[in-house]
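Student: Could we go through this model together? I would like to understand the reasons behind the terms used for its helices and strands.

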Amino acid sequence: MIETEDAQGRLRNREPTAVVDIGSNSVRLVIYEGLVRAPSILFNEKVQCGLGRGIAETGNMDEDAVASALAALRRFRALADQARVEQLAVLATAAAREAGNGPAFIAEAERILGQNVTVLSGREEALYSAYGIQSAFRDIDGVMGDLGGGSLEVVQMRGDHIGEGLTLPIGVIRLSERAEGDLARAVKIAREELKRPAFLKEGMGKTFYAIGGTWRNLAKLHQASLDYPLRVTHHYEMDAQKALGFLRRVGKNHVEKLKGIEDVSRSRRALLPYGAIALVELIRAMKPERIVFSSAGVREGYLYGLLDDETKKADALIEAAEELSILRSRSPQHARELAAWTGKSFAAFGIDETEDECRYREAACRLADISWRAHPDYRGDQALNVIAYGGFTQIDHPGRAYIALANYFRHDGLKNPTLAPEIRKITSDRIWDRTRYLGAFFRVAYLFTAAMPGVIGDIVWRERDDGTMQLVLPERLAELHGSRPLGRINQLSKIVERDIELVVDAA
């Protein structure tokens, strides 16, 4: 029997870090594996407490909601101790900030948790939400909006620059109470409030980055309405104008008959119309080209803010792929060598790449061997599902499709492309071609290396005067020549439409 104290499914030398987020709608604990560029979640629990309910009318948080939140915090403290959390941050947002009984609640929360609670100002909340977007996206240009229960934070963003920001009192709970349940009145309130941030007009034709559980649930319902093949909300994109019809239906409370509504909790359903109204009115005020949904918000932004500048600059996609390679592939070093070799192979065959396509290829190489323990008949499906639905950031949905399909082809072959799954629908022809090229190169490489390091870097491409490409084995690898590699090379030849021969360099 193998005995080990620490699970091999976790990276070593990581100290668990946790964030408790005391929001106006829910109280949540998230425990991360460590404070790194692409943190993996060890544990995640949310309790719908509704601390923000009643504040608009009474000025105080409801006593039952406070009791529910404090009970959740007792459990969260015990869970953090059980997970051996080294660093615990506790953040409180609009409800605790604005309620008359907020200070008493915070004092009791600090007693239960045994540490200080940071009550974020509206400006700080907006800043951490903006950091969350910076942590999870590339080429940022537009406006970020974080919709909570009590408030909506909107911030102008471009690249590393965080511009103007404003906190508006139209979180879904606050908006519903201010409108006294009247949806038409809620529209007027949201419209009036969204006149305040003048910088919204500067976002015309750009991107609106949507944060918050209510908006993510709208994204899920929109995906269901379209039978969208990749049910991941992070970096899901809506055409802003085309989405208005769907959002207005939700804003009129036509939700119970929506496809996928059974996957939305009862407590969340009542808030969906107000989330839809806020988004419709934001589109009206800003006129963005697209809406992009984010799974990263205040919690992720807070952790991102703790990183040093060098770590912040690291590519979160490559970091996450590298970690998964370390945990699940036979040789992470081989995966890195494969990334270098396929880059040279693409160049040798004149296959051009954009900057993002290069990133996708490098990530795909690091993930190319993560399903080796599965039954051979199911390695392709396992790789596709793990990658397509992985917790990756700094990647859009076509990028996920690129990485997932390349590894699907690596295991399941390329003879019958009609066998490729539904995820093909979200790829362009250009991406589709490159997934097949990369899959074909993978199928050649693994027959020479057996997934072991120190081999593939010595196998090079050479072009003859007549245009034929030669895959050149050094003499020390001559015995790797064989019928199986020749078959894979013939397959690659058909995919790239070039004559290829396998030769041994006797020099």
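Tutor: Happily; we will take some helix pairs, then the sheets, and finish with an annotated span. Please keep in mind that this is a predicted model.

Student: Let me start with helices H7 and H11. Why are H7 and H11 called oblique to each other?

Tutor: Helix H7 covers residues 183–193 and helix H11 covers residues 272–286, and their axes cross at roughly 40°. Angles under 35 degrees would count as roughly parallel, and 65 to 115 as roughly perpendicular. The crossing of roughly 40° fits neither class, so H7 and H11 are oblique to each other. Their axes come within 9 Å, and the crossing is right-handed.

Student: Which residues make the contact of H7 with H11?

Tutor: From H7 there are Leu183, Ala186, Val187, Ala190 and Arg191, and from H11 there are Pro273, Tyr274, Ile277, Glu281 and Arg284. By class, that gives 7 nonpolar, no polar and 3 charged residues.

Student: What makes H2 and H4 roughly parallel?

Tutor: Again, set the angle against the cut-off. The axes of helix H2 (residues 63–82) and helix H4 (residues 102–113) cross at roughly 20°. Angles under 35 degrees count as roughly parallel, and H2 and H4 are therefore given that name. Here too the axes come within 9 Å, and the crossing of H2 and H4 is right-handed.

Student: Which residues of H2 and H4 touch?

Tutor: H2 contributes Val66, Ala69, Leu70, Leu73, Arg74 and Arg77, while H4 contributes Phe105, Glu108, Ala109, Ile112 and Leu113. The contact holds 8 nonpolar, no polar and 3 charged residues.

Student: And why are H5 and H12 described as roughly perpendicular?

Tutor: Helix H5 (residues 122–136) and helix H12 (residues 298–306) have axes that cross at roughly 80° and come within 7 Å. The range for roughly perpendicular is 65 to 115 degrees, so H5 and H12 qualify. On the H5 side, the contact has Glu125, Tyr128, Ser129, Tyr131, Gly132, Gln134 and Ser135. They meet Val298, Glu300, Gly301, Tyr302, Tyr304 and Gly305 of H12.

Student: How many polar residues does the contact of H5 with H12 have?

Tutor: There are 6 polar residues, alongside 5 nonpolar and 2 charged. Glycine counts as polar in this scheme.

Student: Now the sheets. What makes E3 and E5 edge strands?

Tutor: Strand E3 (41–48) and strand E5 (118–119) each pair on one side only. They end an open sheet of 5 strands, ordered E3-E2-E1-E4-E5, whose pairing is mixed.

Student: How do you know that E1 and E2 are paired?

Tutor: Pairing needs at least two bridges, and 6 bridges join strand E1 (residues 17–22) to strand E2 (residues 26–32). The two run antiparallel. Ala18, for instance, stands opposite Ile31 in E2.

Student: Which strands pair in the parallel sense?

Tutor: Strand E13 (residues 469–474) and E14 do, over 6 bridges. Val472 has Val503 of E14 as its bridge partner. Both strands belong to an open, mixed sheet of 3 strands in the order E12-E13-E14. Its edges are E12 (460–463) and E14 (500–505), and its twist averages 35° from one strand to the next. Helix H20 (residues 483–496) lies across E12, E13 and E14, running at about 135° to E14.

Student: What do E7 and E8 form?

Tutor: They form a hairpin, with 2 residues between the strands. Strand E7 (residues 152–158) and strand E8 (residues 161–168) pair in the antiparallel sense over 6 bridges, and Arg158 stands opposite His161 in E8. In the turn, Gly159 has a positive phi of about 55°.

Student: Finally, which residues does UniProt list for the annotated domain?

Tutor: The unreviewed UniProt entry lists residues 38–309 as "domain: Ppx/GppA phosphatase N-terminal". In the model, that span is 47% helix and 19% strand, and its end C-alpha atoms lie 14 Å apart.

Note on methods. Residues numbered from 1 in each chain as written. Predicted model: local features only at pLDDT ≥ 70, side-chain atom pairs only at ≥ 80, totals over all residues. Heavy atoms only, no water. Helix = DSSP H or I, 4+ residues; strand = E, 2+ residues; numbered from the N terminus. UniProt positions renumbered as here; feature names shortened; annotations may be inferred. Axes fitted to C-alpha atoms, helices over the stretch in contact; angles between N-to-C directions. Parallel < 35°, antiparallel > 145°, perpendicular 65-115°, else oblique. Left-handed = near helix turned anticlockwise from the far one by under 90°. Contact = heavy atoms within 4.5 Å.
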